[in-house]
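Hi,

Here is the structure I promised to pass on. Have a look at it first, and then read on for what I found.

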Amino acid sequence: MTWVLANLEQIWRLTLDHVALSVPPIILGFLIAVPLGWLAHRYRPSRGIVLTVSGLLYTIPGIALFLSLPVVLGTRILDPINVIVGMTIYAVALLARTAADAFDAVSNDVRQSSVAVGYGPIRRFFVVELPLAGPVLLSGLRVVSASTVSLVSIGSLIGVSSLGYFFLNGLNRRFPTEILTGIVGVIVIAVVFDLFLVLIGRVLLPWARDARPSARRGRRAVA
Amino acid sequence: MITFEGVSKRFPDGSVAVDDFSLTIPSRSTTVLVGSSGSGKTTLLRMINRMVDPTGGRILIDDEDVAGLEPVKLRRRIGYVMQNSGLLPHRTVIDNVATVPILEGVKKSVAHEQALRLLDTVGLDRGLAKRYPAQLSGGQQQRVGVARGLAVDPNILLMDEPFGAVDPLVRDELQQELLRIQRELSKTVVFVTHDIDEAFLLGDQVVILRTGGVIAQAGTPAEILANPADEFVASFIGADRGKRSLHVDAEHGDLARGERVLVDGTGRVVGILRDEPGIASSHGAASS
Amino acid sequence: MNSLLGALAWLTDPVNWSGSRGIPVRLLEHLGITGIAVLVAALIAVSLGLYIGHTGRLSFLVVSTTGALRALPTLGLLVLFALWLGIGLGPVIIVLVVLAIPPLLAGAYAGVESVDRSTIDAARAMGMTEWQILTRVEIPLGLPIIVGGLRSAVLQVVATATIAAYLPIGGLGRYIFDYLTLRRFEPVFAGAILVTLLALVLEGVFALLQRLAVPRGVRILQGSSAARGGIGRAERIQLAAGSLDGDAPPGPPGDRPDPVPAAPTSSHPTQ
């Protein structure tokens, strides 16, 4: 405890680093995955491609992905951008599939009736399909958020600053408190992000709060 | 003979499915339990092979209390046919039919030979033996279900709305098949349905149940039709709306050929009345 | 691109294919660690999952373990156990087992749970014992989803075993961590390529196994229900299972061309 108090400043700085590495992949992943998922849902041939490619990308071990990106992107090997891009790839890989399933799950009756009411395709997407796919997208986003926050810490293995630093430094100094501090920090960030996402869901998707038992189960699963 | 003696079933949530139910089901004949949902008819059926255990009273098969029998052993000597066939989707027709004999230690080749004969019994082509349930029509699946129920040559056959999910034409066909099989094999059949016409067609004894497993009336179809015990029964069998009182429509029909048109109390034309007694007695043709 | 060529040159150099630090040895180490961890985890988690799925008891365990472990940083867990128990294979295996349990548990549970209740009811009514119901009905019909859980677990463990090499123990990850500090990037990239290839090959093998695990009669069934465009009960269960497993994005829709049920199949985020 004394160590924690003595090092509050460093803990705070690394927490901010950790957050800075985690937030962009979650947001970018969502923005990229939703259109991809919609394409996969709308056009059958694209479905196989999107799902296969995302499945394969998802298979690549994290450390290997971080190390391969400089070769592909031409970045420096220890650049934080590698971690951000890598995590974004995972987020897209997971969310694209979720999004495809979420759009598939929108009742065809609702879709047909919105056509009948006279919505054009773009309006229909934003007014009908996206909101109705919302609860499933949200539960996918919560999974992405939790695993991103947890995974960012392995960036420390290639020298990218995050709470993961405490794991390696704690090991070198044979000091469990430091490692535990890192673990607790990661969990706290994950929980805060999750609460934030739940809150967004409450505001944007008020009708989904009690209507979907499966969504509620998902909520408990993360919390 | 199956005897229910003051049988009750109260579920853990406090709801009472059956209260103090007593009935004797004679051997080698068909008894139909008929009632709406909530009448406890399926619960009663499932108590016979201990899929459900009563919370009060006892059930005897040939004077032996089923509570003292090992459920698995008991179930293996009782045939059971259910609504959606309940066939194992990953096994072929012949393996489905032979399942219980093989569990009982019958050699596979013997069980398969026996299963093929059962397919004959239920009117299925032997060529279907190697198919999977998903490759059969609903009616064919139900026939396989009946064959499986008969596989251990049980004395008792329990049937839980076996024809409830097939379309009306196929249902008629399956009902006739069951009557034929029953004429050949004379099992003790306990049949559950909510369809009173089906009950009257198949049942030697028909038991009409109210909510909570209370017997409204039990008897042969003729007894019930002739003397509905009360308004509930009259309403259930349709007598109160005139469905069961038929009269000859004087204006139509070909009297010269001895044919007269029959109309029920609601004005619905229900069939032709002929003079020849032989034809008129096949009662399936006149009703429904 | 130079580093890629360098890595390829390193990979094709016969020197790196022999000896106690050679690629075959490291590969076997990696597979061995993965195999032991998944095996131990499967003994615990699959039997527990089958029990939970069959009896319906303790199902909260599935939800709570999958949820809680997702946010837990593996690297932190690895180093913490290494400090507590000493650096060596033991602590690493323990951590890998802990990681492999949730997907295996969820897969076994969801597999049994996906079997149509009326099929199980019929099996019981015809006189199958509970053990026979489990082994002859629930396991064969739930097998694709159970294998799906195995697939997630294997990929998770292969990826995590890579970073466990930091400690250092054996495995392909050694190429990454032994040379990263030396700033010799050819073997580092080569290690990354090897690990990726291993993961992709295993993914392919398990995808195939999962496909083969679908009983023939069920494949026909799914074909016909897909043709009707309906969503089957099993798929709806997977939808629910998907949301509790979390990693499996909410279940497949009825018109999915792929006949293999996809409950907890998608791999865990890789470490």
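**Where chains B and C meet**

Putting chain B and chain C together buries about 2,000 Å², with carbon and sulfur atoms giving 67% of that area. Three residues stand out on the chain B side: Pro89(B), His90(B) and Leu103(B) supply 26% of the area that chain B buries against chain C, more than any other three residues. Bear in mind throughout that this is a predicted model.

In terms of residues, the contact takes 21 from chain B and 21 from chain C. How many salt bridges are there between the two chains? The count is 1. Asp121(C) is the acidic partner and Arg46(B) the basic one, and their closest N and O atoms are 2.7 Å apart. For polar contacts, the count between chain B and chain C is 4 residue pairs, with both residues at pLDDT 80 or more.

Which helices of chain B help to make up the side that touches chain C? Helix H2 (71–76) and helix H3 (93–103) of chain B each supply at least two residues to it. Sorted by type, the residues on that side of chain B come out as 11 nonpolar, 5 polar and 5 charged.

**The helix that carries Arg46(B)**

Arg46(B), the salt-bridge partner of Asp121(C), is one of the buried residues in H1(B). That helix covers residues 41–48 of chain B, and 7 of its 8 residues are buried, so it is largely enclosed by the rest of the structure. Besides Arg46(B), the buried residues of H1(B) are Lys41(B), Thr43(B), Leu44(B), Leu45(B), Met47(B) and Ile48(B). If you follow the chain on from there, H1(B) is followed by Arg50(B), which has a positive phi, near 60 degrees.

**Chain C as a whole**

Is chain C built from helices or strands? It has 11 helices and 0 strands, so to speak a run of α elements along the sequence: α-α-α-α-α-α-α-α-α-α-α. Of the 271 residues in chain C, 59% are buried. Among the contacts in chain C with a separation of 6 or more, 73% are between residues 24 or more positions apart. The accessible surface of chain C comes to about 10,000 Å², and carbon and sulfur atoms account for 69% of it.

If you want a place to begin in the viewer, try Asp121(C) and Arg46(B), the two residues of the salt bridge.

Cheers

Notes: Residues are numbered from 1 along each chain as its sequence is written. Chains are lettered from A and ligands numbered from 1 in the order in which they are written. This is a predicted model: local features need pLDDT of at least 70, side-chain atom pairs count only at pLDDT 80 or more; totals for chains, interfaces and linings use all residues. Side-chain values use heavy atoms; hydrogens and water are left out. Helices (H or I, at least four residues) and strands (E, at least two) are DSSP runs, numbered from the N terminus. Buried means under 20% relative accessible area, exposed over 50%, partly exposed in between (1.4 Å probe, protein chains only). Contact means heavy atoms within 4.5 Å. Accessible areas come from the Shrake-Rupley method with a 1.4 Å probe; for residues, only the protein chains shown count as cover. Buried area is the accessible area (1.4 Å probe) that two parts lose on being put together, summed over both. A salt bridge is a side-chain nitrogen of Lys or Arg within 4 Å of a carboxyl oxygen of Asp or Glu. A polar contact is a pair of N or O atoms within 3.5 Å; within protein, one must be able to donate a hydrogen and the other to accept it, and residues adjacent in sequence count only if both atoms are side-chain atoms. Ala, Val, Leu, Ile, Met, Phe, Trp, Tyr, Cys and Pro count as nonpolar, Asp, Glu, Lys and Arg as charged, and the others, Gly among them, as polar.
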